[in-house]
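Please look over the sequence and the model below before reading on. The paragraphs after it go through a few features in turn.

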Amino acid sequence: MHYPPMARVFPFSLILFFVTGAIFVLQTIPLLGIFLMLLMAPFWSVLLVNLGFIGIAIEAATGRVSRLWLILPVVFYGGYWAIAVQDRLVLRELAASYDAANARIVTGFNPRREAIAFQGEDHGVWLTQNYALPVSYSVNADIPEGYLAHRMIASSVCAKVRENPASQAAFVHTFGFHDDDPIAAGKMETRFCLLSMPERPDLPLVRISRQEAKETVSTLPVTLAKTTISMPAGPSFQILGGFAAPLSWIPRPVMGCGLNSGAPSWNCGAGFSRDSFTPIASGHTRYRREAEALARALGLEPVAIEERRGGDPALVLAKIATVEDARLARQLANIDAMILDPIAKITDWQTGVVASRPDVLSSRADAIMTGIERAAAVTGGDRYKAKDSGQILTQLLASLPRSGFVSFGPRILAVYAKADDGHWLWNADPLLRRLGEIGTDALPYLTSPRVMRSPNGAGVEGLCRVGEAGRAASEPALVAMWSKSRDGLDRDARTAMFVAMRRIGITPPPLTDDKYNQLGMLETEWADVSSRSPSRVCATQAEWQARREERYGGVRRTNID
């Protein structure tokens, strides 16, 4: 006669809860906890706890334990799902009230008579790409104009901006973007790009700002967002949005520890993972619902991808020229102030527009050299104050064309002859890199230990530019540095030394430490470098990039420096 097995007092599945607790306790030990955190241990409890309750239910239903044990999974899942349903109901009510409030807003905005300026979070870029908004502005206190303008422009205009160093230096930038459409999502827009540039709006401003506040509505944690639209004439409107974090339909209990870098401390906790960043307002996309509600409130019309239109090229290029001229004037004023008084307090150290304009730079070259001489002559406690101005001016001088730079050779060497070991001139890398163009008279300074010890390789590039005429003085220092180099050394440093030796006429000897055959790779990659190579090869990183563009982009260069 067959008898059913005797029911156990405790379900075997309870072991899973003990395992979960043990893993949690182990995570409280920081060293061990870090290792377990890397193994995603805080999320193991999602599987273990659910398997534990499901296992108890199965054991109770099959009679292996008392059916009273069914109370545990029923209470757990029943209570959890009751709260999850309540979260969804609260979210539905919030969405309905937000949608109704947003639908009532009519601002009367007219893009021909008014401009939009965003403070903080900026939907303006997206609106210019997908709605009939010709330009949007974002507040930027770091630039004199106080605002950045964002426009969608034709790719041909983008190319002109990218090819103009003065535009880049004037903080005028272009960016590609992807189509923000459910069907064409991820496809790169090739007809247009986004242009961002400093510009002060000349129309009355509609100011848009956004504020967030974390709350709990019933059992639902929410991040409520209010986007305020302030019209020029005075009235304000608010777009309601934000995100909620309802419980997911499948329980996800998370138990673990992590590093709080703010304290810093090792913090532990347990709770249910929620579906964070669930939008409150209705919509078809997950992350653009507030922007869509804002567009409707402003009366903007959506534009199909195929119907996009860029800004007027002539108008855009004229505005860019205005920005460049304004930035050029400010930079020249600051440079003149540095030249006049090297220890004067300067608030803006940017000189990129001047450096990108050879005509303007050449017209100021003699004054810049005078400013370097003044800054280099400062002694005592004021030397540190003169350092910033001096290094800015040396960088500008090093941006001159070769003939202009070489003409200042005697004056440049004269300031180095007077510089003591602690002088900031020995850290003026751009100037040191071009010092070799002056000729063999620069060798005593380039072979100085103060320069050769520089981790930036300025001395190596300077020796390379001297070329074969400086071999006798350069060879001992370069070969010694090359022989002492190790595989752990940055490959760029070995490249610079290899190219320098080849251009000077030195055969690079075998490396003491060369497990990765770097010498062989350099001999292949730079096989064409010789004493007849133009000095531009000495700037190895720029030369490598130019060769790459020539190889893959079809760009051809002349053999002229």
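A residue counts as buried under 20% relative accessible area, as exposed over 50%, and as partly exposed in between. In this predicted model, Glu373 has a relative accessible area of 26%, so Glu373 is partly exposed. Its partner in a salt bridge is Arg411, with the closest N and O atoms 2.9 Å apart. The pair links distant parts of the chain, since Glu373 is in helix α11 (residues 358-377) and Arg411 is in helix α14 (residues 409-417), 38 residues apart. Arg411 also has a relative accessible area of 26% and is therefore partly exposed.

How many salt bridges does the structure hold? The number is 28. One of them joins the side chains of Glu145 and Arg330, at 3.2 Å from N to O. These two residues are 185 residues apart: Glu145 lies in the loop between β2 (136-139) and β3 (147-154), and Arg330 in helix α9 (residues 313-340). Glu145 has 11% relative accessibility and so counts as buried, whereas Arg330, at 26%, is partly exposed.

Helix α9 also holds Asp336, which is linked to Arg364 in helix α11, 28 residues apart. Their side chains meet in a salt bridge of 3.1 Å, N to O.

Towards the start of the numbering, α1 (14-27) is followed by a loop and then α2 (30-38), and Ile29 lies in that loop. Ile29 is partly exposed because its relative accessibility is 45%. A nonpolar surface patch of about 740 Å² includes Ile29, with Leu26, Phe35 and Trp44 among its other members.

The axes of α1 and helix α3 (residues 44-61) come within 8 Å and cross at roughly 160°, which means that α1 is roughly antiparallel to α3. The crossing is left-handed.

How values were computed
Residues numbered from 1 in each chain as written. Predicted model: local features only at pLDDT ≥ 70, side-chain atom pairs only at ≥ 80, totals over all residues. Heavy atoms only, no water. Patch = residues over 30% accessible without salt bridge, like charges linked within 9 Å, V, L, I, M, F, W, Y side chains within 5 Å. Areas by Shrake-Rupley, 256 points an atom, 1.4 Å probe, with all protein chains shown as cover. Salt bridge = Lys/Arg side-chain N within 4 Å of Asp/Glu carboxyl O. Helix = DSSP H or I, 4+ residues; strand = E, 2+ residues; numbered from the N terminus. Buried < 20%, exposed > 50% of the residue type's maximum accessible area, 1.4 Å probe, protein only. Axes fitted to C-alpha atoms, helices over the stretch in contact; angles between N-to-C directions. Parallel < 35°, antiparallel > 145°, perpendicular 65-115°, else oblique. Left-handed = near helix turned anticlockwise from the far one by under 90°.
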